[in-house]
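Reader: I'd like to go through this one with you and ask why things get the labels they do. Can you put it up?

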Amino acid sequence: MNQFNSKFKSRAEISEFCALLRSQAKQVGFTSGVFDLLHAGHVDYLAQARAACDFLVVGINADQSVKKLKGTNRPLVSAEDRAKIIAALASVDAVFVFEENPELQKILQAYWSGELVCPAQSLLASLKRAKHI
């Protein structure tokens, strides 16, 4: 059995686990992305995001979502494989795949109603300016 399987969660599992972590005064970070062609910028960004919290959740855009965002020739790597790759990173504590619009605020409002804190938001802004994502 793959040692990273325990990192794959449903939204309900993540929500329950985050509630448990919050009850223990832990800070949960959340970010999302396509991660179709994982590169050093992604790895650095996720490591920095994890350093800013106790537990990092990463949402992976589903294949149809990637096609809408990046064009019909994408993704190059399936959502399942992208999730496995992201889960293999030590900086990532939980992974899920989502179909919806990838805007961070919309996901947080729709699924966690502000339950998760986002220490990665300033990192996202920095990376967008540097064109890493």
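Reader: What pattern does the protein follow, read along the sequence?

Author: It's α-β-α-β-α-α-β-α-α, with 6 helices and 3 strands in the protein. Keep in mind that this is a predicted model.

Reader: How many aromatic pairs does the structure hold?

Author: There are 3 aromatic pairs. One of them is phenylalanine 30 with phenylalanine 96.

Reader: Why is the pair of phenylalanine 30 and phenylalanine 96 called stacked?

Author: Two values settle that. The ring centres of phenylalanine 30 and phenylalanine 96 are 6.0 Å apart, and a pair needs centres within 6.5 Å. Their planes are at 25°, and under 30 degrees counts as stacked.

Reader: What makes this pair a tie between parts of the chain?

Author: Phenylalanine 30 sits in strand β1 (residues 28-33) and phenylalanine 96 in strand β3 (residues 94-98), so the pair links parts 66 residues apart in sequence.

Reader: And why is the pair of phenylalanine 96 and phenylalanine 98 called tilted?

Author: Here the centres are 6.0 Å apart and the planes are at 50°. Stacked needs under 30 degrees and edge-to-face over 60, so an angle that fits neither is tilted. That's why phenylalanine 96 and phenylalanine 98 go down as a tilted pair. Put together, Phe30, Phe96 and Phe98 form one aromatic cluster.

Reader: How do you know whether phenylalanine 96 is buried or exposed?

Author: Buried means under 20% relative accessible area. Phenylalanine 96 has 3%, so buried it is. Phenylalanine 98 comes in at 1% and therefore counts as buried too. Phenylalanine 30 is also buried.

Reader: What share of the protein's residues is buried?

Author: Buried residues are 40% of the 133 in the protein.

Reader: Let's go to the outside. What does isoleucine 85 count as, and why?

Author: Isoleucine 85, found in helix α4 (residues 79-87), has a relative accessible area of 41%. Buried stops under 20% and exposed starts over 50%, so what lies in between is partly exposed. Isoleucine 85 is therefore partly exposed.

Reader: Which residues make the nonpolar surface patch?

Author: Leu38, Val43 and Ile85 make it, and the patch covers about 200 Å². Patch residues need over 30% relative accessible area, and isoleucine 85 has 41%.

Reader: How much area does the protein expose in total?

Author: About 7,100 Å², with carbon and sulfur atoms supplying 52% of it.

Technical notes: Residues are numbered from 1 along each chain as its sequence is written. This is a predicted model: local features need pLDDT of at least 70, side-chain atom pairs count only at pLDDT 80 or more; totals for chains, interfaces and linings use all residues. Side-chain values use heavy atoms; hydrogens and water are left out. Helices (H or I, at least four residues) and strands (E, at least two) are DSSP runs, numbered from the N terminus. Buried means under 20% relative accessible area, exposed over 50%, partly exposed in between (1.4 Å probe, protein chains only). Accessible areas come from the Shrake-Rupley method with a 1.4 Å probe; for residues, only the protein chains shown count as cover. Patches are made of residues with over 30% relative accessible area and no salt bridge: like charges are joined within 9 Å, nonpolar side chains (Val, Leu, Ile, Met, Phe, Trp, Tyr) within 5 Å. A salt bridge is a side-chain nitrogen of Lys or Arg within 4 Å of a carboxyl oxygen of Asp or Glu.
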